Amino acid sequence: MLESEVIGMRRTGSEPATARSPLRMRLWLSLWGTAWALFGLVAFSLNGRPGWAVACAVLLALTLLDLCVVTYRIRQGAHYQPGRDVPPYEPDRGGRPRWRRPDPRDRTKPP
């Protein structure tokens, strides 16, 4: 039995298209990783372990980059990161729209 059936929710088939990223959790994990990578960099540098210090420096750079990406995406707002009050989007059932040649008798401007 699926977990969604236990809770009482039905699957719609659009879950991958309507998935929401847990950005707040990624923010806290990035901060946690940044703190530990910085601690490791300082500790290994003071103890004369340059290889481990370089590894911690690379990890620190990656966590800082992730921290910047996450804060950028959080600041984009609710359109890019819908909250719980925004219903999931309907799946696209038609595929790509077919292109039609414009009607020469139509005198309106294209959009």
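This passage walks through the fold, the two long-range helix partners and the surface of a predicted model.

The model is a prediction, so local features were taken only at pLDDT of at least 70 and side-chain atom pairs only at pLDDT 80 or more, while totals for chains, interfaces and linings use all residues. Numbering starts from 1 along each chain as its sequence is written, and side-chain values rest on heavy atoms, with hydrogens and water left out.

In outline, the protein has three helices and zero strands, giving the pattern α-α-α along the sequence. Helices here are DSSP runs of H or I with at least four residues, strands are runs of E with at least two, and both are numbered from the N terminus. Of the 111 residues, 14% are buried; that label means under 20% relative accessible area, with exposed meaning over 50% and partly exposed the range in between (1.4 Å probe, protein chains only). The accessible surface comes to about 10300 Å², and carbon and sulfur atoms hold 62% of that surface. These areas come from the Shrake-Rupley method with a 1.4 Å probe, and for residues only the protein chains shown count as cover. As for contacts (heavy atoms within 4.5 Å), residues 24 or more positions apart supply 66% of those with a separation of 6 or more.

Helix α2 runs over residues 23-46, and its 24 residues reach 34 Å from first C-alpha to last, close to the 34 Å expected at 1.5 Å a residue. The expected span is 1.5 Å times one less than the number of residues. Helix α3 behaves likewise: its 26 residues should span 38 Å at 1.5 Å a residue, and the end C-alpha atoms are 37 Å apart, which agrees. Just past the end of α2, G48 takes a positive phi of about 75°.

What do the buried residues of α2 pack against? Their partner is α3, residues 50-75. On the α2 side the buried set is L23, L27, S30, G33, T34, A37 and G40. An α-helix has 3.6 residues a turn, so residues three or four places apart point the same way. On the α3 side the buried residues are A53, C56, L60, T63, L67 and V70, and what covers them includes α2.

S30 gives a close-up of this packing. It sits in helix α2 and counts as buried because its relative accessible area is 3%. Leaving aside residues up to four places away in sequence, S30 touches T63, D66 and L67. T63 and L67 also belong to the buried set of α3.

D66 has another partner as well. The whole structure holds one salt bridge, a term for a side-chain nitrogen of Lys or Arg within 4 Å of a carboxyl oxygen of Asp or Glu. The side chains of R26 and D66 make a salt bridge with an N to O distance of 2.4 Å. The pair joins distant parts of the chain, with R26 in helix α2 and D66 in helix α3, 40 residues apart. R26 is partly exposed because its relative accessible area is 26%, and D66 is partly exposed at 23%. Elsewhere on α3 lies T71, which counts as partly exposed at 30% relative accessibility. Its C-alpha is 9.0 Å from that of R24, although the two residues are 47 apart along the chain.

The aromatic side chains come next. The search turns up three aromatic pairs in the whole structure. One of them, W32 with W36, is edge-to-face, at 6.0 Å centre to centre and 70° between the planes. Rings of Phe, Tyr and Trp (its six-membered ring) pair if their centres lie within 6.5 Å; planes under 30 degrees apart are stacked, over 60 edge-to-face and the rest tilted. Both W32 and W36 lie in helix α2, four residues apart, or about one turn of the helix. W32 is exposed because its relative accessible area is 57%, whereas W36 counts as partly exposed at 48%. Together with F39, W32 and W36 form one aromatic cluster.

Finally, V54, V58, L62, L65 and V69 make a nonpolar surface patch of about 440 Å². Patches take residues with over 30% relative accessible area and no salt bridge, joining like charges within 9 Å and nonpolar side chains (Val, Leu, Ile, Met, Phe, Trp, Tyr) within 5 Å. Within this patch, L65 belongs to helix α3 and counts as exposed because its relative accessibility is 53%.
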